[in-house]
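The following exchange concerns the strands and aromatic rings of one structure. Please consult the sequence and the model alongside the answers.

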Amino acid sequence: MRDGGVLYIGDTHIGKRFRTGVPLDRLGEREQLIYDCFNLLLNDSDPEIKMVIHLGDLFDRPTVNYDDLYATYKFIASAANRNPDRKYVFLQGNHDLSRNTEMTTAMEVLRELLSPVKNVEFVLNFPVNIGDYLFVPY
């Protein structure tokens, strides 16, 4: 959804596997569609978009496999580098966090991997002011 110069994305649930009722020859198609749509939205060519906000549940679980984590990292890093004047903000959702406070989640790893990329921000545990906005995670 777009609102002025902001593009909102939410509930991508990367790492979710669709198996029930899916023919064997079509396994993985829906997961690929999620990747493709996520990547397309991150790289929207509209020059009016100044901020992309992911509203939570980037991942389907607090931990995901390395392939999903690495693909997500590549999509975000590539989009942020291609669009240096665009801010990317990722809010933690309930699927992204763990009840085990000692566990390192996929969102925390992703935040560390993307820390050198200056136009990417994560809002994980506490409200954060970014520009004119106050972002509050789940």
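Q: How many bridges join strand β2 to β3?

A: This is a predicted model, in which local features need pLDDT of at least 70, side-chain atom pairs count only at pLDDT 80 or more, and totals for chains, interfaces and linings use all residues. Residues are numbered from 1 along each chain as its sequence is written, and side-chain values use heavy atoms, leaving out hydrogens and water. Strands are DSSP runs of E with at least two residues, helices runs of H or I with at least four, numbered from the N terminus; two strands pair if DSSP finds at least two bridges between them. Strand β2 (residues 6-9) and β3 run parallel, and the number of bridges is four.

Q: Are the side chains on the two faces of strand β3 buried or exposed?

A: In a regular strand the side chains alternate between the two faces of the sheet. Buried means under 20% relative accessible area, exposed over 50%, and partly exposed in between, with a 1.4 Å probe and protein chains only. Met-51 and Ile-53 on one side, and Val-52 and His-54 on the other, are all buried.

Q: Why is the pair of Phe-38 and Phe-75 edge-to-face?

A: Rings of Phe, Tyr and Trp (its six-membered ring) pair if their centres lie within 6.5 Å; planes under 30 degrees apart count as stacked, over 60 as edge-to-face and the rest as tilted. The centres of Phe-38 and Phe-75 are 6.4 Å apart. The pair is edge-to-face because the planes stand at 70°.
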